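Here are my notes on this one, written so you can follow along on screen. Keep the structure open and click through as you read.

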Amino acid sequence: MQSKFKIYISVFITVCFISSCNWFSKKQTEETTDAVIETPQPKITVPTFSSDSAYAYIEKQLSFGPRVPNTKEHEACAAWLIEFAKKHSDTYHVQKYEVTAYDGTVLKSTNIVASLNPTAKKRILLTAHWDTRPFADQDKERKNEAILGANDGASGVAVLLEALRVMRTQKLENIGVDFLFLDSEDYGQPADYNGYVPDSYCLGAQHWSRSQHVPDYKADFGILLDMVGAPGAIFTREGTSAAYAGWVLDRVWNNAKILGHGSYFSNQATEPIVDDHKYINEIAKIPTIDIIHHDPNSASGFGWYWHTHQDDIKAIDKNTLKAVGETVVYSVYEYDKTNSAL
Ligand SMILES: [Zn+2]
């Protein structure tokens, strides 16, 4: 995803526009937030998410090296993800395409979708990007070398892989789930690049949002995971998520509280950012939130490891993976139960 500074104005205008057109649903969102804090619902039974397993899936991704499009490491990771999807889903799709990066490089890209309950009309979209950044533009050293992306890339993918694996063991009754592994998210223009190239990040999400893996694809809502493994990470009510999908934030944040993970999920509102969910919201029109680590003490708003060579396995804590993984799995089954009368 992209530092907020370059995109702040355009997103701010968009958010203002949406806010003014959509005051009624915004008001409802605020009321819902108050209500859910006071009356948490009882727990429902869900399959057990293993943070050990998620951690191992991060190590596996790192074992390929940086997963930069047009490299053999990227290709090898794609093959592993496709095998995983094939083994653990009810049906899967591989979407191969080419996109052009900010510098004219054509990126051979692959989006992978693993689906559970594929015929269900009501669906949830869970997504993360699996590619990693080709340079370390926020680092002081080795700026031109690709980063490992343990947190920025691998953590979100790992949580979704583990969620997919365990959710296949407890059948969803009323809804289906699609796990979308997006490519070419992090090939956006470097921080010191001369000139601004709009929409240079999230190329895989832009492609998928315009050309989905099945015709007329619809989901009731989506959850994007990005940088969900850092020790003590705080996930805030990020502005793009709040503008398009406030009710989803309410619901997921409340589920985190029910599970005892409230310390990770803050009710603080933070500035809108550009990440894959922006395009899924704006182009595919699926209300989608971003669970993403916010660091109030950094100039970028992102964590200390962001777009540096420190984004390695030391940037990962199993407790954070567990908090996010359990919250996502619970949110799916909670929504399934809610829709039992439909
Ligand atoms: Zn990134």
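1. Let's start in the middle of a strand pair: L125 stands opposite G222 in β5. Their strands, β3 and β5, pair in the parallel sense over four bridges. Bear in mind as you look that this is a predicted model.

2. On to another neighbour of β3. Seven bridges join β3 to β4, and these two run parallel. If you want a spot to click on, R123 stands opposite G176 in β4. To get from β3 to β4 the chain passes through α5, and this β-α-β crossover is right-handed.

3. Is β3 buried or exposed? Seven of its seven residues are buried, so β3 is largely enclosed by the rest of the structure. In a regular strand, side chains alternate between the two faces of the sheet. Here both faces are covered: R123, L125, T127 and H129 are buried on one side, and I124, L126 and A128 are buried on the other.

4. Now zoom out. What is the strand order in the open sheet? The six strands go β1-β2-β4-β3-β5-β8, with mixed pairing. At the edges stand β1 (91–100) and β8 (288–292), each with a single partner strand, so one side of each has no neighbour in the sheet. From one strand to the next, the twist averages 20 degrees.

5. Look at the β8 edge a bit more. β5 (residues 221–226) pairs with β8 in the parallel sense, over five bridges. One pair to find on screen is D226 and its bridge partner in β8, I292.

6. Two helices to look at next. Helix α5 (residues 150–167) packs on the sheet and touches β2 (106–116), β3 (123–129), β4 (176–182) and β5. The direction of α5 makes about 145 degrees with that of β3. Helix α7 (residues 239–258) also packs on the sheet, touching β5 and β8, and its direction makes about 75 degrees with that of β8.

7. Last, the core. Nonpolar side chains tend to be buried together in soluble globular proteins. Which residues touch the most other members of the largest nonpolar core? Of its 94 residues, they are V159 and L160. Helix α5 supplies the largest share of this core, with ten residues. Try selecting L160: leaving out residues up to four places away in sequence, L160 touches L126, A128, F179 and L225.

Note on methods: Residues are numbered from 1 along each chain as its sequence is written. This is a predicted model: local features need pLDDT of at least 70, side-chain atom pairs count only at pLDDT 80 or more; totals for chains, interfaces and linings use all residues. Two strands pair if DSSP finds at least two bridges between them. Axes are lines fitted to C-alpha atoms, for helices over the stretch in contact, and angles run from 0 to 180 degrees between N-to-C directions. Two residues are in contact if their C-beta atoms, placed from the backbone, lie within 7 Å. A nonpolar core is a set of buried Ala, Val, Leu, Ile, Met, Phe, Trp, Tyr and Cys residues joined through C-beta atoms within 7 Å. A residue is buried if 20 or more other C-beta atoms lie within 10 Å of its own, exposed if 12 or fewer, and partly exposed in between; C-beta atoms are placed from the backbone. A crossover is right-handed if, with the strands pointing away from the viewer, the path from the first strand over the helix to the second runs clockwise.
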